[in-house]
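Got a new structure open and not sure where to begin? Let's read it together, one feature at a time.

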Amino acid sequence: GNQIYLYEGMVPAVARRVFDTIKALDKTGKLIVSFAPLPETAIKTRFSRLADGMDIDRNDQIYEMNSLYYQVRKYTPAGELIKSFGNPDVRYTVETGERPSLLNGPFCLDNGIVIIQRENFLDIYDNEGNLTVSGIPCDYKIIHAQGNAIYLEAWEDAGTQGKGVNPKIIRYH
């Protein structure tokens, strides 16, 4: 529509505090609304990672997930929380000190599918948050979703990543 959505999920090293991760702006850059507060669990984690954590489906519903905390939150375009969901078998507790699973997503497809990538596995939900398939092996990182296709980044050799060698981009439809 006429709004621009920005996502910011990284916790600043200096000021570890809760902040809204999604900001909706009008075409002039004026803030309309901010929402999707960073989960306190992510703030307590002594581990950081750069990753996107928002996608918008064909019905303009917004899906958000912090890359360290497996809880997908679904919002209206106005920032009203519709529901939260996640894989009940994937838990991370700050108290144990274990490293959280690296999460990637959410990725929304036009056919009503929402994909979450955790480490080398995919979890697939319908757009209502119902887990339909869990633990599909996937060795490549999802980098984009559009229409009913996902795009994966495939390095020929893990040692070439970041050394001026381009990855292959694989499209699955």
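What follows is a chat between a learner and a teacher about sheets, burial, ring pairs and empty space.

Q: Before we dive in, what kind of model is this?

A: It's a predicted model, so keep that in mind as we go.

Q: Okay, sheets. In what order do the four strands of the open sheet come?

A: A general idea to start: side chains in a regular strand alternate between the two faces of the sheet. Here, the order across the open sheet is β4-β5-β6-β7, with antiparallel pairing. The twist from one strand to the next averages 20°.

Q: Which strands stand at the edges, and why does one side of each lack a neighbour?

A: Those are β4 (54–56) and β7 (81–85). Each has a single partner strand, so one side is left without a neighbour in the sheet.

Q: How many bridges hold β4 and β5 in their pairing?

A: Three bridges, in the antiparallel sense, with β5 covering residues 62–64. To spot one on screen, find Ile-56: its bridge partner is Ile-62 in β5.

Q: What sits in the loop between β4 and β5?

A: Gln-61 is found there. Try working out its burial from the number: the cut-off for buried is under 20% relative accessible area, and Gln-61 has 17% relative accessibility, so it counts as buried.

Q: Which residues is Gln-61 in contact with, leaving aside its neighbours within four places in sequence?

A: The list is Asp-55, Ile-56, Lys-74, Tyr-75, Thr-76, Pro-77 and Ile-82. Ile-56 is the residue we just saw bridged to Ile-62.

Q: Let's move along the chain. Why is β13 described as largely enclosed?

A: Count its buried residues. Strand β13 (residues 149–154) has six residues and five of them are buried, so the rest of the structure largely encloses it.

Q: Which residues of β12 and β14 can I match with residues in β13?

A: Start with β12 (residues 141–146), which pairs with β13 in the antiparallel sense over five bridges. Lys-141 has Glu-153 in β13 as its bridge partner. Next, β14 (residues 168–172) also pairs with β13 over five bridges, again antiparallel. There, Tyr-151 stands opposite Arg-171 in β14.

Q: What does Gly-147 do in the hairpin of β12 and β13?

A: Gly-147 takes a positive phi near 65° in that hairpin, which has two residues between the strands.

Q: Now the rings. How many aromatic pairs are there?

A: The count is two. In one of them, the ring centres of Phe-35 and Tyr-75 are 5.0 Å apart and the planes sit at 55°, so we call that pair tilted. It links distant parts of the chain: Phe-35 lies in strand β3 (residues 31–37) and Tyr-75 in strand β6 (residues 72–75), 40 residues apart. Phe-35 counts as buried at 5% relative accessibility, and Tyr-75 counts as buried at 4%.

Q: And what about Phe-85 and Tyr-125?

A: They form a tilted pair, with 5.0 Å centre to centre and 55° between the planes. Phe-85 is in strand β7 and Tyr-125 in strand β10 (residues 121–126), 40 residues apart. Both Phe-85 and Tyr-125 are buried.

Q: Last one: how big is the largest cavity, and which residues line it?

A: The general trick is to roll a probe the size of a water molecule over the atoms, which shows where empty space is left. Here, the count comes to one cavity of 30 Å³ or more. The largest cavity has a volume of about 40 Å³. Its lining residues include Asp-57, Arg-58, Asn-59, Cys-108 and Asn-127.

Definitions and conventions:
Residues numbered from 1 in each chain as written. Predicted model: local features only at pLDDT ≥ 70, side-chain atom pairs only at ≥ 80, totals over all residues. Heavy atoms only, no water. Pairing = 2+ DSSP bridges. Axes fitted to C-alpha atoms, helices over the stretch in contact; angles between N-to-C directions. Buried < 20%, exposed > 50% of the residue type's maximum accessible area, 1.4 Å probe, protein only. Contact = heavy atoms within 4.5 Å. Phe/Tyr/Trp six-rings, centres within 6.5 Å; stacked < 30°, edge-to-face > 60°. 1 Å grid on protein atoms, 1.4 Å probe; cavity = no way out; pocket = protein on both sides within 12 Å on 5 of 7 lines; lining within 4 Å. Points joined across faces, edges and corners; volume = space filled by probe spheres on them.
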